[in-house]
Amino acid sequence: MAVALDLTVQLGQMLIVLALAPLLTGYVRKVKARLLRRQGPPLLQPYRDLLRLVRKEVVLAQNASWLFRVAPYLIFATTWVAAALVPTFATGLIFSQAADMIAIVALLGSARFMLALAGLDVGTSFGGIGSSREMMIASLAEPAMLMVVFTLSLLAGSTQLSSIAASMQGPGIGLRVSLALALVGLIMVAIAENARIPVDNPATHLELTMVHEAMILEYSGRHLALIEAASFLKLLLYVSVIACVFVPWGTAVSGQGLDAYVAGLGIYAAKLAAAGCMLAVFETVIAKMRVFRVSDFLGAALMLGFLATLLLFVSRVT
Amino acid sequence: MALAGLLWCIATLLGTAVAAIAMARHRSATTLVYGVALCACVIALAMAGWSLLTLNSLGQALTLPVGLPWLGAHFRIDALAAFFLLVVNLGGATASLYGLGYGRHEETPGRVLPFYPAFLAGMNLVVLADDAFTFLFTWEFMSLASWALVMAHHRRPGNATAGYIYLLMAGFGTLALLLAFGLLAGPAGGYAFDAIRSAQTASLAGAVLVLALVGAGSKAGLVPLHVWLPLAHPAAPSHVSALMSGVMTKVAVYGFVRIVFDLLGSPVWWWGGLVALLGGVTAVMGVLYALMEHDLKRLLAYHTVENIGIIFIGLGLALAFEANEMPGAAALGLTAALFHVFNHSVFKSLLFFGAGAVLTATGERDMERLGGLIHRMPFTAFAFLIGSAAISALPPFNGFVSEWLTFQAILLSPALPQWLLKFLIPAIGALLALSAALAAACFVKAFGVSFLGRPRTEVARDAAETDRWSLASMFVLVALCLLAGILPGYFIDALAPVSQALAGAQLPRQEQLDWLTIVPIAQSRSSYSGLLLFLFIAMAAGVGAEVIHRWASAATRRSAPWDCGFPDASPVTQYTAGSFSQPIRRVFGSVVFRAREEVHIPPPGDASAARMHVRLHDVPWDVLYVPTAKLVNLAADRLNKVQFMTIRAYLTLVFGALVVLLAVLAVWQ
Amino acid sequence: MDQLALDVAHLLAGGLVLASFMLLYQDRMTGLINTFALHALVVSFSVAWQAYIQQAPHLYITAAIALIVKALVIPLALHRIIVRLDIHRTIEPVVGIGQTMLAGIGLVALSVMVMLPITAQAGTLAREDLAFALSVILLGLLMMISRRNAVSQVIGFMSIENGLILAATGAKGMPLVVEISVAFSILIALIVIGIFLFRIRERFETVDIHVLHEHRGEQP
């Protein structure tokens, strides 16, 4: 009976994550528009976009292969599974032992692998641009993320996100320099991976400025809806990771009962709103950088993560 | 019992080799040779697997009265040998299955068929050898058999040079190993491995490590001794390339593990640091080389270098932990490295088989002359895709599990007390993470440019799918990639006797954990369940597809590509391998290879084509090999004068040697 | 002293190292000057916090000097100099920014390796603070040698002084006299360098040091 309840809670987390992801993106767009003194699209517009796309007919290029048709489902599935494994309102859920942070990073890598291949499938030059730039960004962002994961797991003694979140709330860690460096590095990687300004512009369709948009140029209909949903989920995943590791207070622990879960959900929604607001302000204030400056940017993130890990290796008294 | 059976299988292989010399021209020679090799390898695989899993007949030894008269030829099967026999014979079986189909396209079977079973026999014998002479003899036999296979198509441009460099490096490696064994045997001269283990000479152990690293490392492909690998591996026929990359490099790893972990006694802390550092540098350099390549088989050969680097990182960590009396962590490092040995042999063979299929179908190895093969060769494309995903360490496949285990071993290393290790190991962790990300980029390029897009040449447009035997061997390996990713606990348990014998501890038993999770250290620390992830992903994809197709729309229409409204009829305008890797070449290559691009654009009005040149400098080659070759040539020119002296000069030389010997004798008294 | 206070001090020292890395990362002049203002701000907060936990009120004056002079006056003056001299706005690094940052990491590792064994008697946090201070000094030196531009060399020089202040306050107290004399010498050095910058700019129309190379005496 308890197992069935735990399974229900885990399933609930999966569905909540899927339901909240478009709302987060809609909220960020609304705040950005307001900061630019525009009305902006309604808050629920991403849901309407997804519904509209899903009902449309898919237009496939003549030489698109089975990989092009299967890729959106795989991209969506891997990103959804990764997002569902990050603690949102409660830690220690029943399947959180299945994958730790390294596995979550690798799952996002799988999604990116399929996306880059789909970009190359039709054989246009736009797809090639997107895929090659995306793999260059990934070749620096993934190691930077892994170094941040190393730092966090060295501090917490585990690579499981639930354990990391639990030990961050505990007394043993305090304000460490490596944590500050890891936070800065994680924010830089999150910006790069989610294709936000200053790395990529999510609202543009100009060749010079696009990376993510270039890879999905040929997609339409339900395929495009799935890929858009996957990018919403990815943003939610990164915000959830930052929230559950660096602002862990208020998260329920598995088994505390329904009211603790509801309270955790409310606090989680508040954290999402705060993060969305900060992201919108940051994107409005800063300008997009040149493509080859992105490698310096992510190289700096890798260096910060590496420095954080190095400081932890050196300061261990054991 | 198992040992005798294995030796009989090897004898069958040798007999087949001899027979093939005679009847190579016969019509059914190909089928016969590969068929016998397949059977022999499958039987050997079964026996090795049975003895590893049931721990039966481990420790059996046998001495044959061949070889040196006072030594004989010792053979022994223990846990380490059983595991590597499993790897070797799995590779041999799948390569033979592939060869049943591929071998029919061979133009000169007489140059391939006799040496193929000899190569397999040699690799098996190296793993079974229990004394230094047998080890070195079979090691050289293995090298020579593979050299003959590399030279099978010796008229093709570049193959003769490849064979020459291969022979040089193989000889150099054997010399280093000979010196290592000499130091191990000591002045008493006991060359049997039992004698070496019980002698426990601690002197010059560091020199033995360096010699073993040079000798075994050059065969495995450690930077900077890797230069022969990307020349020789692609020159051989494709199933032999798979064997050389996937299996022979693992036999070299076996040699290193046997000498350093088994024969050398307790390690010193800096050994681990040195090995892991070499591994880290090799991993990054290998994948950066691979990114600059557009020959499919050379790219795969450079990737072998990268994965050998990953294996040596695990081995180095295990040595460092063992030197600091942390047997549990050493077991983790060793298990991670050995699991990666198995995984790499599986997916590298798969990738080489795919490349061989492409080569047979189109006659091209250059990616920039391929494209669109996913439509013409769908099964090969699927198998190559799974292989690419596995080698890029993507869950739920097997490459991810061994990299995950290596990362867990790195996360255990803050407990090491030495300062240099404290600084080195995070750097090696960063290098490992970098190489994993770059490997994914490289395989997006390899698969995307060769199989996706539009065909760039006629041969790509007219390619046909390969035969059933090749496809069967590829799909066996695909199934293994998935199984090893979903059921890693069984593999870790199978490796337990090996790590117990070498590191003195083993990982906790994995088989009774729920949902086939693996827990390498402790439940509170980290866990991974490949099966759950696979099920989750399948369920999520299935549910998503079902919901959308049922309640939204399933309509599809074909049309011309959108391409932002600028459709391009010519397939020349799609991205090539060079253009795909240009951002990475600019970021990393300008530092590591001093990559420079020059573009010549003709003046306006001139209708000739624009040209772009990319110049890369291979730093180890320019710094290490070219000066050494010049030095050797210089010395040879000088010494050549000895050929042309007068009789009086020769007499003077003889007299001088005699006087020097007498003087040494006098002083030494 | 409770753990939180020590942690905040440690965090501010680490923040100074982070600000030094940000200085290495900049490739535009205005960004560089603003980052230097941030660097000075962090050092003044750090000194103020040390004044609070050590209960040494004279350090508040040091913090105020750092804040007013280094975080406000000098950046404003440099902004005006740049506009007046019409100096070009991008800074050329000698080797790429990625390699410079990698060298920076190596320097931090080196200073940790040097400092931690030497100061074996002190507490862990004090030892790490001294290691951070040495890293800031070394990173400032790295900045001076890896940029072709005179203004960035001046900023590197001033960031070295910030590192010295961090080391001195972290090691339990520094008499105000020392601080005033060090600050004055830096100010004099800055005035002299400023005069030279004007002269170089007048003569050669640029402050790229490389150009000066051709006018050295011993050319063949």
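The following questions and answers look at how chain A and chain B meet in a predicted model.

In this predicted model local features need pLDDT of at least 70 and side-chain atom pairs count only at pLDDT 80 or more, while totals for chains, interfaces and linings use all residues. Residues are numbered from 1 along each chain as its sequence is written, chains are lettered from A in the order in which they are written, and side-chain values use heavy atoms, with hydrogens and water left out.

Student: How many residues of chain B are in contact with chain A?
Tutor: Contact means heavy atoms within 4.5 Å. By that rule, 77 residues of chain A touch chain B, and the residues of chain B on the other side number 82.

Student: What area do chain A and chain B bury between them?
Tutor: Buried area is the accessible area (1.4 Å probe) that two parts lose on being put together, summed over both. Carbon and sulfur atoms carry 72% of it, and the total for chain A and chain B is about 7100 Å².

Student: Which residue of chain B forms a salt bridge with Glu57(A)?
Tutor: A salt bridge is a side-chain nitrogen of Lys or Arg within 4 Å of a carboxyl oxygen of Asp or Glu, and this rule finds one across the interface. Its closest N and O atoms are 3.0 Å apart, and the partner of Glu57(A) is Arg557(B).

Student: Which residue of chain B does Ala61(A) stand opposite?
Tutor: Two strands pair if DSSP finds at least two bridges between them, strands being DSSP runs (E, at least two residues) numbered from the N terminus. Strand 1 of chain A pairs with strand 3 (residues 556-559) of chain B in the parallel sense, over four bridges. In strand 3 of chain B, the residue opposite Ala61(A) is Ser559(B).
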